[in-house]
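User: I would like to learn how to read a few local features of a protein model, one at a time. Could we begin with a strand and what surrounds it?

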Amino acid sequence: METVQNNILTTSGLTIGYKTKKATTIIAEQLQLELPLGKLITLIGSNGIGKSTLLRTLTGIQKPLEGTVLLNDKNISTYEPLELAQHLSLVLTEKLPPSNLSVFELVALGRQPYTNWLGTLSDEDIAQVKKALELTQITHLSDKRHYEISDGQLQKVLVARALAQDTPLIILDEPTTHLDLLHKVTLFQLLKRLAHETGKCILFSTHDIDLAIQLSDEMIVMLPGTVLQDTPCNLIANQIFDQLFKDENIVFDSEKGKFIIR
């Protein structure tokens, strides 16, 4: 018997793009996406194809040109900001503003949707912060200032902040960009473990396509004019990765499951 997926986010007839005074630019249309709980999903596509526009639309930052994004069966545009922050956490690749915050304090910012107007942490808030630090294996960094740790450690701190926010959906925009291979793999594995252990849906965009193929439960692939979602195995079988790069020197080897340079 087929199991029914428990989707935290779905799209219906979604068209993404942007409007200027002179014209409307359509990036992709009629997208039917499903983000199931307990899965790690990666978003890939060539540079400039519109991955950030898709993420901005899925998170309610940008309005769709057409169609709807449903978060927990409710149109994302109808959420109040505080209510949305209790359902969806977002990790962007922006530099942190100058501050003297410790790692614990930075992770505790994830509790803002729940704290009182003074921002005082309750016992429940502190418990959630400690749990997030443990899940990301950075408890030993709690007292360090955020500027005293490495880029790889900081990415884990930002993931911990999203975990402390305790939302069923976590979306990350290229979290592995400035990391070396070891830290990329470590972060990928951490996100997969967190999705499976906590039952959250974790979606993130990445340029590390070979790693995404090896470690994702599902992938969303943006091609010119179309967006596909499936498991890595099915995408390989349907020769989808062959269409990613319009360059005869970069080819996808379906037997090895990775790109090779001729």
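Analyst: In this predicted model, strand S9 is covered on both faces, with Cys-201, Leu-203 and Ser-205 buried on one side and Ile-202 and Phe-204 buried on the other. Five of the five residues of the strand, which spans residues 201–205, are buried, so S9 is largely enclosed by the rest of the structure.

User: Which strand does S9 pair with over four bridges, and in which sense, parallel or antiparallel?

Analyst: Strand S4, residues 40–45, is joined to S9 by four bridges, and the two run parallel; within this pairing, Ile-41 has Leu-203 of S9 as its bridge partner. S8 also pairs with S9 in the parallel sense, over five bridges, and there Asp-173 has Ser-205 as its bridge partner in S9. Between S8 and S9 the chain passes through helix H6, residues 181–198, and this β-α-β crossover is right-handed.

User: How many disulfides does the structure hold?

Analyst: The general idea is that a disulfide is a covalent bond between the sulfur atoms of two cysteines. Here the structure holds zero disulfides; Cys-201 is in none, and the nearest cysteine sulfur to its own, that of Cys-233, is 19 Å away.

User: Why does Cys-233 not form such a bond, and is that residue buried or exposed?

Analyst: The sulfur of Cys-233 is unbonded because the closest cysteine sulfur, in Cys-201, lies 19 Å from it, too far for a bond, given that a disulfide needs the pair of sulfur atoms within 2.5 Å. As for their surroundings, Cys-233 counts as exposed because its relative accessibility is 61%, whereas Cys-201, at 0% relative accessibility, counts as buried.

User: Let us turn to the backbone: which sign does phi take at Asp-166, positive or negative?

Analyst: As background, most residues other than glycine have a negative phi. Asp-166 is not a glycine, and yet its phi is positive, at about 55°. This residue is placed in the loop between helix H5 (151–164) and strand S8 (169–173), and with a relative accessibility of 35% Asp-166 counts as partly exposed.

User: Where does Gln-239 lie, and what is its phi?

Analyst: Gln-239, also a residue other than glycine, has a positive phi near 55°, and it lies in the loop between helix H8 (232–237) and strand S12 (250–253). Because its relative accessibility is 51%, Gln-239 counts as exposed, the cut-off for that class being over 50%.

Technical notes
Residues are numbered from 1 along each chain as its sequence is written. This is a predicted model: local features need pLDDT of at least 70, side-chain atom pairs count only at pLDDT 80 or more; totals for chains, interfaces and linings use all residues. Side-chain values use heavy atoms; hydrogens and water are left out. Buried means under 20% relative accessible area, exposed over 50%, partly exposed in between (1.4 Å probe, protein chains only). Two strands pair if DSSP finds at least two bridges between them. A crossover is right-handed if, with the strands pointing away from the viewer, the path from the first strand over the helix to the second runs clockwise.
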